[in-house]
Amino acid sequence: MHRGMRSITSTLATSAMTATRSDTLPYLGYGLGLRVEHYEALLAKPAQVQWLEVVSENYMVDGGLPLVWLDRFRERFPLVMHGVSMSIGSTDPLDSGYLARLSALAKRVEPAWVSDHLCWTGVAGVQLHDLMPLPYTEEALDHVVDRVKRVQDVLQRRILLENVSSYVSFAQSQLTEWEFLAEVAERADCLILLDINNVHVSAMNHGFSSLDYLRGLPVSRVQQFHLAGYEQGEQLIIDTHDAPVSNAVWDLYVEAVRRFGRVSTMIERDDNFPPLSELLAELEHARKLAEPLLRNAA
Amino acid sequence: MSTLQAMQQHMQRAILDARTAALPDIRSDDVANAGSRLAIYQRGYRIRLRDALKKEFIGLQCMAATRLDALLDDYIDAHPSEHYNIRWYGGALAAHLRETRRDKPQLADMAQLDWAISTAFDAADEPSIGQSELASVPPAAWANLRLDLQANLQVLIVSHNVDAFRRAADRATARPGVRRLAKPRRILVWRHATTVHYRVLENDEWPVLASARRGEPFAALCALLAEYHGDAHAVPRMVSLLQTWLAAGLVRGLAS
């Protein structure tokens with residue numbers, strides 16, 4: 001799949017030589033995405049969840065109840081911030097107003113890290129509120145790398161970028177998705193939030209190997225895993241986050257643990273919310289799959 | 001224009017308007033053709049915006065019932081989202097309904113109240129004072145006393161019983177009938193601590209509240225009330241209003 005891109009060789013060489021993860025960020029264990037539907041239940045059972053991921057935009061507000069809840073959770077859990085609107089791949093200028101609010105929120109929350117998605121969410125001032133895939137070209141690579149560097153300068157920290165689920169791919173792409181993601185991470189010196197479900201969804205939708213995807217990412221850059229559920233559509237798999245993690249994704253998670261080792265892992269549920277106990281059971285399942293592998297590796 | 005920029009603009013146009021010609025750049029394969037793939041984004045865009053609006057406009061949901069999706073789709077077609085946070089997408093819905101649904105002006109009234117409640121929910125936090133702070137005001141200072149009211153309080157003028165619809169939606173009780181009021185009324189919307197409140201302002205209350213917001217002194221507020229109640233009852237009424245405002249958390253400070 002290589003198409004003569006200038007830095008692919010160096011990326012793969014780096015990943016092969018780097019056996020340990022970046023030591024600049026902590027390992028948090030097993031966590032959940034924080035959603036309103038589970039606020040009360042989570043505060044009642046804090047010991048079963050080691051950390052929480054908050055959606056940044058939900059708390060980029062002036063005041064009121066959202067920030068009251070945020071402060072309550074901040075007292076009890078390590079938090080990380082996960083955004084959906086940075087639009088790092090858009091050809092619109094970076095939104096300085098957005099970045100200023102994100103930066104202010106990060107100062108308030110003091111999260112273990114800040115993440116967003118490798119995508120674009122709109123152009124010409126319009127917001128699609130979706131995680132739109134990029135064409136994997138040299139032009140897009142240069143564009144994204146430059147913007148990640150500038151965002152990291154504003155936030156004064158390295159960010160994590162997450163691979164998105166996608167339903168389209170582009171004829172002009174010169175790289176695989178994982179080559180593109182690895183190149184962005186290396187050139188911009190950012191980290192990777194690897195969504196295992198998204199790897200599976202996109203692999204099925206585009207016909208690539210999810211194992212090739214895992215093998216193509218540098219171990220040292222992968223800081224966090226997402227696990228989630230999807231919906232099987234008529235032709236394509238849709239990344240809905242409204243169902244339990246599928247067996248196929250659990251299998252891929254095992255492979256990811258084998259490759260990347262001890263990585264902070266969380267369940268992401270955004271719709272059709274079950275009682276918290278069901279998510280805790282999924283989290284426990286993740287633990288039971290990963291811990292024996294990690295003990296053996298140690 | 002760069003290749004990337006052209007691709008993004010073309011794809012966005014195709015998502016916003018399904019009549020745009022399919023993108024030649026999108027691959028088709030045995031799993032699905034380019035049109036089917038793009039359609040997922042087209043459907044997703046509309047569903048996400050509709051869902052976001054339904055969260056903020058629960059009174060309108062109650063009022064419009066089965067016609068809600070059609071109303072929201074008209075708005076979505078006319079107003080592409082421009083704010084990075086989807087929570088702010090509904091800011092122009094009341095004006096849109098006022099303009100496009102002149103046959104049903106209650107819809108715009110309803111959307112106006114819903115949006116005021118929505119914006120009060122996460123407006124900036126402000127302190128509020130209670131009765132005890134009044135005790136420290138010396139008698140001689142009352143005439144020139146000025147009330148510093150909450151910046152987040154909003155006053156809406158409505159011509160329909162929209163507060164009843166919102167209350168029915170908030171309490172999940174039976175939907176009332178739409179009623180046009182004999183004369184427009186003012187609804188006060190504000191947040192006290194973390195709870196958003198709304199209520200109809202009494203006839204004599206609105207001019208006094210408006211004057212207080214402009215920084216008029218206590219004596220001027222009493223003079224206004226004298227026009228409604230006569231000199232003898234103006235001060236007791238002002239005291240009563242002040243107690244109500246303090247208890248509701250509308251006053252953040254006193255100045256003289």
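Which residues does Ser264(A) touch, not counting residues up to four places away in sequence?

**Entry 1. Ser264 of chain A**

I note at the outset that this is a predicted model. I looked up the contacts of Ser264(A) and found Tyr27(A), Leu28(A), Gly29(A), Gly31(A), Trp51(A), Gln223(A) and Gln224(A), with residues up to four places away in sequence left out. I then placed Ser264(A) in strand 10 of chain A, which covers residues 264–267. I counted 23 C-beta neighbours inside 10 Å for Ser264(A), and it is therefore classed as buried, the threshold being 20 or more. I also checked Ser264(A) against Ala182(A): the two are 82 residues apart in sequence, and their C-alpha atoms are 19 Å apart in space.

**Entry 2. Strand 6 of chain A**

I asked how many of the residues of strand 6 of chain A are buried. I found that 5 of the 5 residues in this strand (191–195) are buried, so the strand is largely enclosed by the rest of the structure. I recorded the directions as well: Leu191(A), Leu193(A) and Asp195(A) point one way from strand 6 of chain A, while Ile192(A) and Leu194(A) point the other way, and all are buried. I next looked at pairing and found that strand 5 of chain A (residues 159–162) runs parallel to strand 6 of chain A, with 3 bridges joining them. Within this pairing I noted that Glu162(A) has Leu193(A) of strand 6 of chain A as its bridge partner.

**Entry 3. Helices 7 and 9 of chain A**

I examined how helix 7 (residues 196–206) and helix 9 (residues 247–260) of chain A pack, and obtained an angle of about 115° with the axes 9 Å apart. I recorded the crossing of helix 7 of chain A and helix 9 of chain A as right-handed. On the side of helix 7 of chain A, I listed Ile196(A), Asn197(A), Val199(A) and His200(A) as making the contact. From helix 9 of chain A, I listed Ala248(A), Val249(A), Leu252(A), Tyr253(A) and Ala256(A). Sorted by class, the contact of helix 7 of chain A with helix 9 of chain A has 7 nonpolar and 2 polar residues, and no charged residues.

**Entry 4. Positive phi in chain A**

I turned to backbone angles; most residues other than glycine have a negative phi. I found that Ser87(A), which is not a glycine, has a positive phi of about 55°. I located Ser87(A) in the loop between strand 3 (79–82) and helix 4 (96–109) of chain A. I then asked of Gln156(A) what its phi is. I read a positive value near 60° for Gln156(A), again in a residue other than glycine. I placed Gln156(A) in the loop between helix 5 and strand 5 of chain A.

Are these two residues, Ser87(A) and Gln156(A), buried or exposed? I found Ser87(A) to be buried, with 25 other C-beta atoms within 10 Å. I found Gln156(A) to be exposed, with 9 other C-beta atoms within 10 Å.

**Entry 5. Chain A against chain B**

I counted the contact between the chains: 39 residues of chain A are in contact with 37 residues of chain B. On the side of chain A that touches chain B, I noted that helix 3 (65–76) and helix 5 (138–155) of chain A each supply at least two residues. I sorted the residues of that side of chain A by class and obtained 19 nonpolar, 15 polar and 5 charged.

**Entry 6. Domains of chain B**

I recorded that chain B is divided into domain 1 (3–121) and domain 2 (131–255). I noted 36 Å between the centres of domain 1 and domain 2 of chain B, taken over C-alpha atoms. I found 16 residues of domain 1 of chain B in contact with 20 residues of domain 2 of chain B. The elements giving two or more residues to the domain 1 side of this contact are helix 3 (58–64) and helix 6 (105–121) of chain B. I noted that helix 6 of chain B gives the most to that side, with 11 residues. By class, I found the domain 1 side to have 10 nonpolar, 4 polar and 2 charged residues.

**Entry 7. A sheet in chain B**

I looked up an open sheet of 3 strands in chain B, in the order 2-3-4 with antiparallel pairing. Strand 2 (154–160) and strand 4 (195–200) of chain B stand at the edges with a single partner strand each, so one side of each has no neighbour in the sheet. I noted that neighbouring strands of this sheet are turned by 25° against each other on average, direction ignored. I counted 6 bridges between strand 3 (residues 180–192) and strand 4 of chain B, which run antiparallel. I closed by recording that Arg191(B) stands opposite Val196(B) in strand 4 of chain B.

How values were computed:
Residues are numbered from 1 along each chain as its sequence is written. Chains are lettered from A and ligands numbered from 1 in the order in which they are written. This is a predicted model: local features need pLDDT of at least 70, side-chain atom pairs count only at pLDDT 80 or more; totals for chains, interfaces and linings use all residues. Domain bounds come from an automatic or database domain assignment. Two residues are in contact if their C-beta atoms, placed from the backbone, lie within 7 Å. Helices (H or I, at least four residues) and strands (E, at least two) are DSSP runs, numbered from the N terminus. Ala, Val, Leu, Ile, Met, Phe, Trp, Tyr, Cys and Pro count as nonpolar, Asp, Glu, Lys and Arg as charged, and the others, Gly among them, as polar. Axes are lines fitted to C-alpha atoms, for helices over the stretch in contact, and angles run from 0 to 180 degrees between N-to-C directions. A crossing is left-handed if the near helix is turned anticlockwise from the far one by less than a right angle, and right-handed if clockwise. A residue is buried if 20 or more other C-beta atoms lie within 10 Å of its own, exposed if 12 or fewer, and partly exposed in between; C-beta atoms are placed from the backbone. Two strands pair if DSSP finds at least two bridges between them.
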